[in-house]
Every structure is written in C-alpha cells, then in structure tokens.
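The following note is meant for a colleague who is meeting this structure for the first time. Please read the points in order, with the sequence and the model at hand.

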Amino acid sequence: MTNSKDPRVDAMFSSDRMWAWIAILALWALYAFTFWQIMPLVADSNVLMALAISAGLVLLFNTAAIIAMTSHYADDRDHIYGLDLYYLDLMNKRKG
C-alpha cells in the first residue's frame, strides 16, 4: 500500500491513521466510563435504554466517519500530504 514517491507521505499517513484510531478508542472508553457511572443514577429503564441507544449511534457514526476519512486519505494521500510537504519544504527553504 506504499505507492508514494516520498517516504514522508507514508510516515504522515501512518501517523494520522494511528491518531485517528487512538481518538476512536478514547471516545469509546469515555462513553463506556460515562455510561457505567450514570447507570446507578438512572432509575427508569426506558431512560437508560434511550441513553444506550443514543450513545451507540454516536459511537457508530463517529467510528464510520473516521473509517471513511482514513479510507479517503489512503486513496488520495499523495495529493493530500504532497501539498503539505510542498509548502513545508518551501517554508524550510525560505528559513534556511
């Protein structure tokens, strides 16, 4: 899956993909912890079910969005990261 001419593109993509998955794992952990803390406070099982369903939908859609984003970045990474690297190289050339 490494089609890039510049190895920095692959490094940037790998880093972005790693941080995206860390963000998703953190989101799931935070929702699980919050739900676990709220469960004893909710007396009505219907309210608890509504909270569980809404939290599940948020987690589902956020996870799907991150998967779609990383897929798009994988498909077009030479263009996306190439622009970043071009301007980074230009800025470094002007500085030094």
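1. A good place to begin is Asp89, which is partly exposed, since its relative accessible area is 33%. Please bear in mind throughout that the model is a predicted one. The side chain of Asp89 meets that of Arg8 in a salt bridge, with an N to O distance of 2.8 Å. Asp89 belongs to helix α3 and Arg8 to helix α1, so this pair ties together parts of the chain that are 81 residues apart in sequence.

2. Arg8 deserves a second look, because its relative accessibility of 33% places it among residues that count as partly exposed, and its side chain also meets that of Asp6 in a salt bridge of 2.8 Å, N to O. Asp6 counts as partly exposed as well, at 23% relative accessibility. Taken together, Asp6, Arg8 and Asp89 are linked in a network of salt bridges.

3. How many salt bridges does the structure hold? The number is 3, and one of them joins the side chains of Arg77 and Asp10, at 3.5 Å from N to O. Because Arg77 lies in helix α3 and Asp10 in helix α1, this pair ties together parts that are 67 residues apart in sequence. Are Arg77 and Asp10 buried or exposed? Both of these residues are buried.

4. Turning to the helices themselves, α1 runs over residues 7-38, and its 32 residues, at 1.5 Å a residue, should span 46 Å, which agrees with the 47 Å between its end C-alpha atoms. Within α1, the residues Val9, Asp10, Phe13, Ala20 and Ile24 are buried. The buried residues of this helix pack against α2 and against α3, the latter covering residues 77-95.

5. For α2, which covers residues 45-75, the same kind of check can be made: its 31 residues should span 45 Å at 1.5 Å a residue, and this agrees with end C-alpha atoms that are 45 Å apart. Buried in α2 are Ala55, Leu59, Thr63, Ile66, Thr70 and Ala74, and what covers the buried residues of this helix includes α1 and α3.

6. Two of the residues in α2 can be followed individually. Leu59, found in helix α2, counts as buried because its relative accessibility is 8%, below the 20% under which a residue is called buried. Leaving aside residues up to four places away in sequence, Leu59 touches Leu27, Trp28 and Tyr31. The C-alpha atoms of Leu59 and Trp28 are 6.8 Å apart in space, although the two residues are 31 residues apart in sequence.

7. Ala74 is likewise found in helix α2, and it is buried, with a relative accessible area of 17%. Its C-alpha atom is separated by 7.5 Å from that of Phe13, a residue 61 residues apart from Ala74 along the chain. Phe13 is itself one of the buried residues of α1.

8. The remaining helix to check is α3, whose 19 residues should span 27 Å at 1.5 Å a residue, in agreement with the 26 Å that separates its end C-alpha atoms. Which residues of α3 are buried? They are Arg77, Tyr81 and Leu85, and what covers the buried residues of α3 includes α1 and α2.

9. Finally, the reader may wish to inspect the largest pocket, in which about 170 Å³ of space lies. Its lining is made up of 13 residues, and those closest to the centre of the pocket are Tyr31, Thr34, Phe35, Leu51 and Ala55. Of these, Ala55 is also one of the buried residues of α2, while Tyr31 is among the residues that Leu59 touches.

10. Which helices supply at least two residues each of the lining of the largest pocket? Both α1 and α2 do so, and the largest share of the lining, 7 residues, comes from α1. By residue type, the lining divides into 10 nonpolar and 3 polar residues, with no charged residue present.

Notes:
Residues are numbered from 1 along each chain as its sequence is written. This is a predicted model: local features need pLDDT of at least 70, side-chain atom pairs count only at pLDDT 80 or more; totals for chains, interfaces and linings use all residues. Side-chain values use heavy atoms; hydrogens and water are left out. On a 1 Å grid over the protein atoms alone, a cavity is a set of points where a 1.4 Å probe fits but cannot get out, and a pocket is an open set with protein on both sides within 12 Å along at least five of seven lines; lining residues have an atom within 4 Å of a point. Grid points are joined across faces, edges and corners, and a volume is the space filled by probe spheres set on the points. Helices (H or I, at least four residues) and strands (E, at least two) are DSSP runs, numbered from the N terminus. Ala, Val, Leu, Ile, Met, Phe, Trp, Tyr, Cys and Pro count as nonpolar, Asp, Glu, Lys and Arg as charged, and the others, Gly among them, as polar. The expected span of a helix is 1.5 Å times one less than its number of residues. Buried means under 20% relative accessible area, exposed over 50%, partly exposed in between (1.4 Å probe, protein chains only). Contact means heavy atoms within 4.5 Å. A salt bridge is a side-chain nitrogen of Lys or Arg within 4 Å of a carboxyl oxygen of Asp or Glu.
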